Amino acid sequence: MIVFASLLIGNWNWVLPAILILVVGLVLVFRSYRGRLSGRAYSVAAAGLKLLGLLLLAVCLIDPLYSGVRARPGANLFAILVDNSSSLDVGQNEANPAKMLPEILSTDTPGWQTRMGQDFEVRRYEFDDSLHAVHDYRDLASDGNVSALEQSLRMLSERLQDRPLAGVLLFTDGNATDGGEGLPQTDGLPPIYPVKWGKSLSLPDIAITTVSVSQSPFEDAPVSVKAEVAAHGSQISKVTAEILDPQGERVAELTQQIEPDAEATPFRLQFKAPQLGVSFYRLRVAAEGAMAQFEDPAQLKEAALENNQRLLTIDRGAGGQRVLYVSGRPNWEFKFLRRALEDDEATKLTGLIRIAKREPKFKWRDGKTESSNPLFRGFTDGDAEETEQYDEPVFVRIDPRDPAELRDGFPKTAEQLFAFDALVLDDVEAELFTRDQLALIEDFVSRRGGSLLMMGGQESFRRGGYGRTPLQDLLPIYLDRGPAARPSGRFRLSLSRDGWLQPWVRLRRTEDEERVRISEMPQFWTLNPLPGVKPGATVLAEVSDQNDAKFPALVAQPFGRGKAAALAVGDFWRWSLRRKNHEQDDYARAVRQMFRWLIADVPRRVDVSVESEIGSGVVLEIRVRDAEFQPQDNAQVKLSVGPADGKNVTLTAEPSLNEPGLFTVRYTPRTAGAYRASITVNDGKGGESPPVAAGWVHAPDVEEFRRIGWNEPYLNRLAQETGGQIVEADDLEQFVAELVHQDAPVTERYTYPLWHQSSIFLLALSCFIGEWGLRRLRGLP
């Protein structure tokens with residue numbers, strides 16, 4: 001703020017004489033012009049000039065002093081802070097802000113910096129990812145990939161907090177990469193004076209503002225990319241977006257109308273990424289027909305290309321997630337499920353099929369005390385447990401992981417069951433399981449985060465006796481209600497309104513194609529009626545009978561860390577036999593998508609997440625669990641990290657003090673690009689987990705080039721909040737000259753006599769000469 005000056009009286013002894021002289025002069029002037037003032041403007045003007053001259057002379061008698069406050073020369077600091085980021089180096093030469101800065105900041109010839117140095121101790125700084133003190137700006141490169149403006153202002157304030165800092169002259173475009181849309185905390189900051197220089201951006205520009213990647217079990221296009229694209233310049237009307245795979249082949253493309261200088265326009269692209277694991281795709285946007293500028297810079301038609309493309313990390317997982325199918329009898333369903341999943345790399349199906357039920361025990365009365373069947377006497381080794389195995393159900397194991405897996409039937413421990421990611425129960429009664437095994441299934445979903453699907457066999461749901469068991473709370477339907485209504489005759493399957501919104505339930509890209517597919521589906525014969533749907537569950541598919549009565553067919557709900565679903569159709573396999581288009585197996589596709597939904601987002605024993613940090617790399621968080629999915633602290637976690645096409649380094653993750661089972665490591669990439677990490681975990685007992693892959697993209701220039709041009713609203717608010725103002729580069733000389741009169745930490749009061757000023761006497765003399773001239777002009781004495 002400007003400190004205003006004031007006038008003081010230096011000699012009070014001459015106040016009365018000055019007043020008397022002024023009064024006498026007033027009387028004499030009035031007498032000499034009496035009779036001439038009425039209706040004569042020149043007489044009034046002449047009298048006024050003489051009175052003004054007498055007034056100035058009378059004022060000089062009292063010795064008037066001009067007094068004010070100014071910054072004490074050399075006692076205060078003033079900082080010059082210059083943005084060294086590459087976002088300034090855009091546009092043509094005549095409008096390129098980075099190319100104009102050296103001339104503005106030059107100290108080779110006397111200028112505004114020399115004038116500032118006369119009143120302040122000048123400190124010069126530049127910033128990109130951090131704050132740097134410099135002697136001058138001859139070597140300003142404008143090549144930083146980060147604009148840590150808010151951090152730099154805070155560091156500058158803290159560095160000079162004990163010094164009298166009068167203000168900061170800020171050279172930046174205002175596009176900070178270390179903050180949101182709002183202002184930083186301005187408490188404690190000195191006045192900020194942003195400088196605006198150069199011209200507005202003349203070239204058009206297209207920028208990707210935000211990108212999000214999602215994956216679904218939808219088989220045709222499991223990867224969906226949503227990008228917000230903004231355009232600057234009226235020359236742009238249509239924009240093309242394309243996605244390239246790791247080999248540079250186009251896998252998706254979309255062209256649509258865009259409104260220049262308006263809100264960002266959403267682009268949605270879908271594609272299929274067949275490769276499991278971590279891979280990197282590239283999203284590019286350009287004006288329609290201008291994609292060649294990416295390969296040939298000579299055809300560049302925009303201000304910058306850095307904001308036109310993004311690398312995308314696509315993680316399809318390691319594949320081979322395991323599903324355990326348990327059935328109470330051999331059936332057609334498992335045959336067709338297995339056939340549908342045999343070529344699916346993402347899913348591995350293991351079957352446990354009961355081929356004979358448990359036989360009743362008999363009490364043999366032969367006078368001997370024994371619990372085993374005497375028919376087996378002489379054929380055993382004396383082990384009572386082995387002798388009683390004849391009285392247990394007989395299972396067939398299909399595709400177990402090793403010969404010992406599931407040898408004793410359904411898993412009895414968490415370590416055995418938690419090795420799977422999803423569990424399917426079909427046509428099997430609750431009595432097959434012990435109470436502990438039923439509780440283990442509930443724990444499998446709620447704590448381990450697995451998925452449960454119960455299919456509509458005749459001994460499933462309520463008819464299987466699952467009421468009043470732990471699965472009653474787990475399933476998305478009520479099991480303690482009376483029998484549900486049954487459809488009349490055969491029935492058809494259709495999607496509910498919620499089912500239309502789920503990509504894994506649909507099989508076609510468009511709604512019209514999906515309706516045609518549904519109309520061509522065969523009729524089903526068997527339905528295990530669901531008594532009622534719980535409030536938190538979602539009905540995804542329905543069946544309608546010949547009377548158009550609707551019944552829930554596919555219901556799902558989240559439960560704990562996992563999810564549970566119920567499929568009421570008992571002959572779902574019939575779809576594969578009666579399909580009209582034999583070249584397209586919709587049944588197999590539906591099964592694959594449903595099973596991929598079951599295993600999606602299921603936690604693994606080793607989970608890796610990558611947390612980005614502005615300007616300082618990434619933090620990799622590895623959560624390690626034991627075989628029972630309890631956090632494991634006594635593990636050794638090693639990582640092989642490096643660029644996707646470069647040399648890796650080996651790092652060791654350290655356990656976190658805040659969360660059990662969490663290990664963290666910080667990695668700082670040296671260059672922008674794609675990075676991979678391979679994580680191996682030693683459980684402390686000599687066992688080592690299979691390598692777990694992770695990937696991320698280090699792109700610090702994404703935020704840097706998110707916006708091109710001056711962020712005037714941000715700079716205006718920053719100046720107002722700190723007590724500064726916007727300064728035009730052409731007005732720097734005048735601004736610096738007046739800067740000494742701005743508020744400063746260290747000030748001094750100054751005074752000087754006005755009567756010493758020659759201008760006062762020249763003004764008085766001019767008044768007398770003017771009065772004399774008017775009298776002579778009009779012939780007055």
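These are my notebook entries on what I looked up in this predicted model.

**Entry: helix 18**

I started with helix 18, which covers residues 758-777. I checked its length against its residue count: at 1.5 Å a residue, its 20 residues should span 28 Å. The C-alpha atoms at its ends are 28 Å apart, so the two figures agree. Next I asked which residues of helix 18 are buried. They are A764, C767, E771 and R775. Looking down the axis of helix 18, I find these buried residues within an arc of 65 degrees, so they line one face of the helix. On the face turned away from that buried side I noted the exposed residues S758, L762 and L777.

**Entry: a nonpolar surface patch**

I then looked at the surface around V27. L16, I19, V23 and V27 make up a nonpolar patch there, and together they have about 370 Å² of accessible area. V27 sits in helix 1, residues 15-32. Its relative accessibility is 43%, so I recorded V27 as partly exposed; the range for that class lies between 20% and 50%.

**Entry: salt bridges**

How many salt bridges does the whole structure hold? The search returned 27. I wrote down several of them.

K196 pairs with E712, and their closest N and O atoms are 2.6 Å apart. This salt bridge links distant parts of the chain, since K196 belongs to strand 7 (residues 192-196) and E712 to helix 16 (residues 712-722), 516 residues apart. I checked how far each partner is covered. K196 is partly exposed at a relative accessible area of 22%, and E712 is partly exposed at 37%.

K226 forms a salt bridge with E228, where the closest N and O atoms are 4.0 Å apart. That value sits at the cut-off, because a salt bridge is accepted within 4 Å. K226 has 32% relative accessibility and so counts as partly exposed.

R508 and D586 form another salt bridge, with 3.0 Å between the closest N and O atoms. R508 lies in the loop between helix 11 (497-500) and helix 12 (511-519), while D586 is in helix 14 (residues 586-599), so this pair ties together parts that are 78 residues apart in sequence. Are R508 and D586 buried or exposed? Both are buried.

I also noted a network: E242, R250, E253, R284 and E295 are joined by salt bridges that share partners.

**Entry: aromatic pairs**

I turned to the rings next. A pair of aromatic rings is described by the distance of the centres and the angle of the planes. The count for this structure is 23 aromatic pairs.

One of them is W575 with Y587, an edge-to-face pair at 6.3 Å centre to centre and 75 degrees between the planes. W575 is in helix 13 (residues 574-577) and Y587 in helix 14, 12 residues apart. W575 has 6% relative accessibility and counts as buried. Y587 has 1% and also counts as buried.

Y667 and Y675 form an edge-to-face pair too, with 5.9 Å between the centres and 65 degrees between the planes. Y667 and Y675 are both buried.

I followed the ring pairs further and found a cluster that links W332, F336, F491, F524, F572, W573, W575 and Y587.

**Entry: L160 and A79**

I looked up L160 in the loop between helix 5 (149-159) and strand 6 (165-171). L160 is buried, its relative accessible area being 6%. Its C-alpha atom is separated by 9.8 Å from that of A79, although the two residues are 81 residues apart along the chain.

**Entry: positive phi**

Last, I checked backbone angles. Most residues other than glycine have a negative phi. Which residue in the loop between strand 17 (394-398) and helix 8 (414-417) did I look up? It was L406, whose phi is positive at about 60 degrees although L406 is not a glycine. L406 is buried, with a relative accessible area of 9%.

D601 also has a positive phi, about 65 degrees, and is not a glycine. I placed D601 in the loop between helix 14 and strand 24 (606-613). At 77% relative accessibility, D601 counts as exposed.

Definitions and conventions:
Residues numbered from 1 in each chain as written. Predicted model: local features only at pLDDT ≥ 70, side-chain atom pairs only at ≥ 80, totals over all residues. Heavy atoms only, no water. Helix = DSSP H or I, 4+ residues; strand = E, 2+ residues; numbered from the N terminus. Expected span 1.5 Å × (residues − 1). Buried < 20%, exposed > 50% of the residue type's maximum accessible area, 1.4 Å probe, protein only. Arc of directions from axis to C-beta. Patch = residues over 30% accessible without salt bridge, like charges linked within 9 Å, V, L, I, M, F, W, Y side chains within 5 Å. Areas by Shrake-Rupley, 256 points an atom, 1.4 Å probe, with all protein chains shown as cover. Salt bridge = Lys/Arg side-chain N within 4 Å of Asp/Glu carboxyl O. Phe/Tyr/Trp six-rings, centres within 6.5 Å; stacked < 30°, edge-to-face > 60°.
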